[in-house]
Amino acid sequence: MKECVIIFDTTLRDGEQSPGASMNTGEKMRLATQLENLGVDVLEAGFPAASEGDFEAVSQIAGKLKHTEVAALARTTKSDIDCAWKAIEHAAKPRIHTFIATSDIHMDYKLNMSRDEVVKAAVEAVKYAKSFTDNVEFSAEDGSRSDRDFLCRIFEAAIEAGATTVNLPDTVGYAIPQEFGDLVRYIMTHTSNIHKAVLSVHCHNDLGLATANTIAAISAGARQAEVTINGIGERAGNTSLEEVVMALHTRPNFLPVTTHIKTNHIYPVSRQVSMITGIMVQPNKAIVGANAFAHEAGIHQDGMLKNPMTYEIMKPETIGLSENKLVLGKHSGRHALRAHLKDLGYDLSDEELKIVFSKFKELADKKKIVVDEDLEVIVTEGVLRTAEVFSLEYLNVISGTTVLPMASVKMKVNGRLVQGARYGNGPIDATFNTIADLTGEKAELLRFSIAALTGGTDAQGEVTVRLRENGLIALGRGADPDIITASAKAYLNGLNRLEYLKAHPIKSMETL
Ligand code: KIV
Ligand code: ZN
């Protein structure tokens, strides 16, 4: 039987560091459950010392997952490790993940520490973490730009101190596949006790090479890949889970390992991450992009009809993308809805189903058929977005070629009903002006985009906004058959996310 590579998912930690992608605890809990069902071996739930919100989310996830290891990140300080352990001590399978930078540039300019001091800090941290759990991971931050022999030295010392996994990050996405594979081989052959630990890799995508680097590393002997769904993460993101898993799955003769991932859960989880974070998947994104399985060119279509494998190297159903989408209409019942939502990855309570069912009926009255994309919006807006500060009650807009556009809005601000009206240079401007007035918020609108959720003129409009206030950035997303209402929902979602960020300040690693 083939060896398995450990899939370490860090969507909820490194992925959440994507600008604007903050998730609340409820959203993280739901994703954590989905990730466990997807079959990830380790889930990095957060960085508990970074904020109370992070601590709380990690702690709740640790209490929920039964099979997946729950990792908590910590710098090499005792207080970080104490905090990480406190958050995961009740987990079925806890893991402490401690890290320190090992490149000369980071040690000189950021840490102001010598090599010896960094090795000492790493060893003490691993030993301290080991006093809580046997399962300890050590990461050499900026590993790909570190001196090779120093890396081997620090990994050897960390393993000697008890680390069961040592991780080589390409923190700034600088590595080239051949170089990174060689580095892994070098570590495997020059770290005397490497056989006592799992060698892991963690790549960033600044040069678009994160997946290639991860695959090169696995070919060279790494046996843990740190990844995120849709490749979300700081700057250009992290290695994408679906790309690595499907490369291993599609080219088994070439690659020496397999994974525990249930590939048919990939697409539903990808959609959920996108719905929850508000980060759209680019259409040409490998595996989960809208065009990944679309064959437009006539010559391709002809070949596909004769034999799909002429142009298709993977079957869409392997990643859970089915052409036979269930189409629901206003006569569809609650049981059909519940069963279909389960297939999409949403296991709802009776109370949640009640809310979703009534919103589904409302939409089915406006739109003859309701498809998966519509259902995802209903679930996200109806039950995932909890504890909102601002919510829309009604919106009326006057606009056209001969009137000054005006919006009247009634909404709740912290449970209190307020209403007002404002003009604008267009219906969306009028709506946003009114909402800004009623909420008293001064957020700057950095980006606004609108797209049709599906085909057809009756499709729901899907709006995303990017807002900034006092250095905080939040994404907002909203969908509705009426695009002005969709815009209002997106704006309010962005404002709610800003409120969440204000209430749960995250300390950056540098300022901690
Ligand atoms: O990119 C990085 O170096 C990290 C470490 C904390 C593992 O995210
Ligand atoms: Zn990272």
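Colleague: How many bridges join strand β12 to strand β13?
Modeller: This is a predicted model, where local features need pLDDT of at least 70 and side-chain atom pairs 80 or more, while totals for chains, interfaces and linings use all residues. Residues count from 1 along each chain, chains are lettered from A and ligands numbered from 1, as written, and side-chain values use heavy atoms, without hydrogens or water. Strands are DSSP E runs of at least two residues, helices H or I runs of at least four, and strands pair with at least two bridges. Residues 406-413 (β12) and 416-423 (β13) run antiparallel, and the number of bridges joining them is eight.

Colleague: Which residue in the turn between β12 and β13 has a positive phi?
Modeller: These two strands make a hairpin, with two residues between them. The turn residue with a phi of about 50° is N414.

Colleague: In β13, what is the bridge partner of S408?
Modeller: Follow the bridge from S408 across the hairpin of β12 and β13. In β13, you land on A421.

Colleague: How far apart are the end C-alpha atoms of helix α13?
Modeller: Helix α13 covers residues 350-366, 17 in total. The expected span is 1.5 Å times one less than that count, so 24 Å is what we should get. The model agrees, with those end atoms apart by 25 Å.

Colleague: Within what arc do the buried residues of α13 fall?
Modeller: Buried (under 20% relative accessible area, against over 50% for exposed; 1.4 Å probe, protein chains only) fits E352, L353, V356, F357, F360, L363 and A364. On the other side, D365 and K366 are exposed. The buried ones line one face, because the directions from the helix axis to their C-beta atoms fall within an arc of 130°.
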